[in-house]
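Colleague: I'm new to reading protein models, and the vocabulary trips me up. Could you walk me through this one and tell me where each word comes from?

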Amino acid sequence: MNIESLKYFLSVEKYNSFSLAAEELCISQSSLSKHIKKLEVELNCVLFERCTRHINLTDAGITLKKYALNIVNNYDELLIDMNKFTSSFPKLSIGYIPVINQYNIANLIGRFNSKVTDLQLIFHEGEHSEILNLLLSQKIDFAFLRSDTLDYSNLDITQLAQDELVLIVPKTHSLSKKKYVSISELSNENFISLGKNSGVYDFFVSQCKKFSFEPNVVCFNSRIENILGLVVAGMGISPLMRKTVECFDKTNISIVLIKEKISSNLCLVHLKNKKLSKIENEFKNYLIKNTTTI
């Protein structure tokens, strides 16, 4: 058993699908299946109940998940911690939710990196709660997060991009003919959502509760392209931030605005009491200067 095999196991569990997990891991489905089978042989137990349309964890798989999450998270944090001892070159450790490409942040980081000699960048992608915990535990220097659920008392929060929550529906859905819809009209809909630990999920659920209902989420997925595919297939509709879907093919979907106008800011975040180094100040100021048009 190694870290890689545990990451493969967690990815399959995350998507309840070998094909989606293989896509995320950039390996073939057959190769992923062999890795999981090897892990099952090593542990002498079956980890997944394999059905025609879906897979589920067995009791053994549920137990392994508990330990695997801790082992993988501890390993990733270890690498982040140890990296500061590897050389004397300037370093920046950055955590982000998986939307920085849609907001042009990835491009800005690349341009900044090209301007600084021998800068070492360490990245950690994850959902909102995971990245926030890394920041609060001082495992990373900066985080790119949505501001909606952040505590301003202990965090320095700089807005980089403003966005709004919209509904993504298939062209065949009755809502696709509307320009605006109120959240109060959505209590009977099925939803496909970003993960439970994502900021958008928490944000959307809190808005629905204001109208006295909890959304019926039939599927979670962390990749926007997969969510859009499931929407087109008629599995449900999805609450997403408008700018995160603008770069995708919209031939078979409609973007419906929400009457209540629910805004959200993508922000650069660091600990409020943190004394920034020279390179950290340069990075922060560069982003502020170059995100005025986002």
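Modeller: Sure, let's take the descriptions one by one and check each against its cut-off. Keep in mind that this is a predicted model.

Colleague: Okay, the big picture, then. How many helices and strands does the protein have?

Modeller: The protein has 10 helices and 12 strands. Its C-alpha trace spans about 55 × 55 × 35 Å along the principal axes.

Colleague: What makes the protein as compact as a globular protein of that length?

Modeller: You set two numbers side by side. The radius of gyration is 21 Å, and the globule rule gives 19 Å for 294 residues. Those values are close, so the protein is as compact as a globular protein of that length. Also, 47% of the 294 residues count as buried. And if you take the contacts with a separation of 6 or more, residues 24 or more positions apart account for 75% of them.

Colleague: Now single residues. Why is Lys-177 called exposed?

Modeller: Its relative accessible area is 70%, and exposed means over 50%, so Lys-177 is exposed. You'll find Lys-177 in the loop between β6 (155-170) and β7 (180-181). Its C-alpha atom is 10.0 Å from that of Ile-255, which is 78 residues away along the chain.

Colleague: And what makes Ser-147 buried?

Modeller: Same recipe. Buried means under 20% relative accessible area, and Ser-147 has 8%, so Ser-147 is buried. This residue is in the loop between β5 (142-146) and β6. Beyond its neighbours within four places in sequence, Ser-147 is in contact with Tyr-152, Ile-157, Asn-265 and Cys-267.

Colleague: Why is Glu-24 only given a halfway label, "partly exposed"?

Modeller: Partly exposed covers what falls between the 20% and 50% cut-offs. Glu-24 has 29% relative accessibility, so it counts as partly exposed. Glu-24 lies in helix α2 (residues 18-25). If you skip neighbours within four places in sequence, Glu-24 is in contact with Ser-11, Lys-14, Tyr-15, Ser-222 and Arg-223. From Val-12, 12 residues away in sequence, Glu-24 is 9.8 Å away, C-alpha to C-alpha.

Colleague: What is the phi of Asn-16?

Modeller: Asn-16 has a positive phi of about 50°, although it is not a glycine. Asn-16 is in the loop between α1 and α2, and its 39% relative accessibility makes it partly exposed. Gln-138 is another non-glycine residue with a positive phi, near 60°. That one is in the loop between α6 (128-136) and β5. With a relative accessible area of 61%, Gln-138 is exposed.

Colleague: On to helix pairs. What do you need to describe two packed helices?

Modeller: The angle between their axes and the distance between the axes. Take helix α1 (residues 3-15) and helix α3 (residues 29-43): their axes come within 10 Å and cross at roughly 110°.

Colleague: Why is α1 called roughly perpendicular to α3?

Modeller: That label covers 65 to 115 degrees. The angle is roughly 110°, so α1 is roughly perpendicular to α3. The crossing is left-handed. Glu-4, Ser-5, Tyr-8, Phe-9 and Val-12 in α1 meet Leu-32, His-35, Ile-36 and Leu-39 in α3. By class, that contact has 6 nonpolar, 2 polar and 1 charged residues.

Colleague: How do you know that α2 is roughly perpendicular to α3?

Modeller: Try the angle again. α2 and α3 pack at about 105°, with their axes 9 Å apart. That angle is in the 65 to 115 range, so α2 is roughly perpendicular to α3. Phe-18, Ser-19, Ala-21, Ala-22 and Leu-25 in α2 meet Gln-29, Leu-32, Ser-33 and Ile-36 in α3. Here the residues divide into 6 nonpolar, 3 polar and no charged.

Colleague: Last one. What makes α5 oblique to α10?

Modeller: Helix α5 (residues 105-115) and helix α10 (residues 278-290) pack at about 135°, with their axes 11 Å apart. Roughly perpendicular stops at 115 degrees and roughly antiparallel needs over 145, so α5 is oblique to α10. This crossing is right-handed. Among the residues that meet are Leu-108 and Phe-112 in α5 and Phe-283 and Tyr-286 in α10. The contact has 7 nonpolar, 1 polar and 3 charged residues.

Conventions: Residues are numbered from 1 along each chain as its sequence is written. This is a predicted model: local features need pLDDT of at least 70, side-chain atom pairs count only at pLDDT 80 or more; totals for chains, interfaces and linings use all residues. Side-chain values use heavy atoms; hydrogens and water are left out. Axes are lines fitted to C-alpha atoms, for helices over the stretch in contact, and angles run from 0 to 180 degrees between N-to-C directions. Helices (H or I, at least four residues) and strands (E, at least two) are DSSP runs, numbered from the N terminus. Angles under 35 degrees count as roughly parallel, over 145 as roughly antiparallel, 65 to 115 as roughly perpendicular and the rest as oblique. A crossing is left-handed if the near helix is turned anticlockwise from the far one by less than a right angle, and right-handed if clockwise. Contact means heavy atoms within 4.5 Å. Ala, Val, Leu, Ile, Met, Phe, Trp, Tyr, Cys and Pro count as nonpolar, Asp, Glu, Lys and Arg as charged, and the others, Gly among them, as polar. The radius of gyration is taken over C-alpha atoms; the globule rule is 2.2 Å times the number of residues to the power 0.38. Buried means under 20% relative accessible area, exposed over 50%, partly exposed in between (1.4 Å probe, protein chains only).
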